[in-house]
Amino acid sequence: MATAVPPAASRIAVVTGASSGIGAATARRLAEAGYRVVLTARRKDRIEALAEELTAAGHKATAYPLDVTDRAAVDEFATAFKTVGVLVNNAGGALGADPVATGDPDQWRTMYETNVLGTLNLTQALLPKLDASGDGTVVVVSSTAGHATYEGGAGYVAAKHGAHVLAETLRLEIVGRPVRVIEIAPGMVKTDEFALTRFGGDTEKAAQVYQGVAEPLTADDVADTIAWAVTRPPHVNIDLLVVRPRAQASNTKVHREP
């Protein structure tokens, strides 16, 4: 017989990178599902505003400024909890679109530290708390970049492949323990900041990413997918879910209207 799911209201969901985009949208969805959400990101003002918004709507939310690449800070953060029900490793992002021959090593390093080591830091620090819950869930928000390459994306692709392999290996290593490992791999998602950050604030380059694509995914689309996976019965594990807009057949095949 499957174990009964503890009520969401008694469970904590930690969401990293919750200051904008997919992270903020996921925090909203999990709060609506009844979880007590803990919002983490470097931008204190953003997560505090979101926590106030959620609290005003009758949900339970707490903001905790955190740099996921700072292991000492992550370990200190983890001491605040006896148990955690859900960890959504969403913090990450892309920098640059140069070919391998001219890519900036500092950008590669930053992407690896955020997308891979940040995920490692939070997962290691909170895994005992997820175990203690009796029904924990680790979500890794990777990307279709973690499953296929494309020109000009090697640094980001390498980092997201790392996040994918982390999730896949963790699932093998903790089988039999009461913790699920879910990987959500979004394709083209149009948010306020992703492409703009990637191209150093160049609005023209950022706009070109989505040019002619009538309906790229939104942050809410991905958040709905994450919330659905998290709220399946505890014996159901969504190992890997790839979600793309209809207009995108692969990382390199996108239908664009003239």
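Helices (H or I, at least four residues) and strands (E, at least two) are DSSP runs, numbered from the N terminus. The structure is a predicted model, in which local features need pLDDT of at least 70, side-chain atom pairs count only at pLDDT 80 or more, and totals for chains, interfaces and linings use all residues. Residues are numbered from 1 along each chain as its sequence is written, and side-chain values use heavy atoms, with hydrogens and water left out.

**Exercise 1. The chain as a whole**

Task: State how many helices and strands the protein chain has, and determine what radius of gyration it has.

Solution.
Step 1. The protein chain contains eight helices and nine strands.
Step 2. The radius of gyration is taken over C-alpha atoms, and the globule rule is 2.2 Å times the number of residues to the power 0.38. For 258 residues, a compact globule would have a value near 18 Å; the protein chain has 18 Å, so the two agree.
Step 3. Along the principal axes, the C-alpha atoms fill a box of roughly 50 × 40 × 35 Å.
Step 4. Contact means heavy atoms within 4.5 Å. Of the contacts between residues at least 6 apart in sequence, 73% join residues at least 24 apart.

**Exercise 2. Surface and burial**

Task: Give the percentage of residues in the protein chain that are buried, and describe the area that the chain exposes.

Solution.
Step 1. Buried means under 20% relative accessible area, exposed over 50%, and partly exposed in between (1.4 Å probe, protein chains only). Buried residues account for 46% of the 258 residues.
Step 2. Accessible areas come from the Shrake-Rupley method with a 1.4 Å probe; for residues, only the protein chains shown count as cover. The protein chain exposes about 12400 Å², and carbon and sulfur atoms supply 53% of this area.
Step 3. Lys253, in strand 9 (residues 253-254), has a relative accessible area of 56% and is therefore exposed. Not counting residues up to four places away in sequence, Lys253 touches Ala247 and Gln248.

**Exercise 3. Strands 5, 6 and 7**

Task: Establish how strand 6 is joined to strand 5 and to strand 7, and whether its faces are covered or open.

Solution.
Step 1. Two strands pair if DSSP finds at least two bridges between them. Strand 5 (residues 136-141) runs parallel to strand 6, with six bridges joining them; Val138 stands opposite Val181 of strand 6.
Step 2. Strand 6 (residues 179-186) is also parallel to strand 7, through four bridges. Here Ile184 has Leu241 of strand 7 as its bridge partner.
Step 3. In strand 6, eight of eight residues are buried. Val179, Val181, Glu183 and Ala185 lie on one side, and Arg180, Ile182, Ile184 and Pro186 on the other, so that both faces are covered.
Step 4. Gly136 belongs to strand 5 and is buried, because its relative accessible area is 0%. Beyond its neighbours within four places in sequence, Gly136 is in contact with Arg11, Gly85, Leu130, Pro178, Val179 and Arg180. Met111 is 25 residues from Gly136 along the chain, and their C-alpha atoms are separated by 27 Å.

**Exercise 4. Strand 7 and helix 8**

Task: Identify which side chains of strand 7 are buried, and which residues are in contact with Thr225.

Solution.
Step 1. In a regular strand the side chains alternate between the two faces of the sheet. Strand 7 (residues 240-243) shows this alternation: Leu241 and Val243 point to one face and are buried, while Leu240 and Val242 point to the other and are not.
Step 2. Thr225 is located in helix 8 (residues 219-230). Its relative accessibility is 14%, so Thr225 counts as buried.
Step 3. With neighbours within four places in sequence set aside, Thr225 is in contact with Ile184, Leu241 and Val243.
Step 4. On the same basis, the contacts of Leu241 are Glu183, Ile184, Ala185, Thr225 and Trp228. Leu241 and Asp104 are 137 residues apart along the chain, with 31 Å between their C-alpha atoms.
Step 5. Val243 has a relative accessible area of 14% and is therefore buried. Its contacts, again without neighbours within four places in sequence, include Ala185, Leu217 and Thr225. From C-alpha to C-alpha, Val243 and Val213 are 16 Å apart in space and 30 residues apart in sequence.
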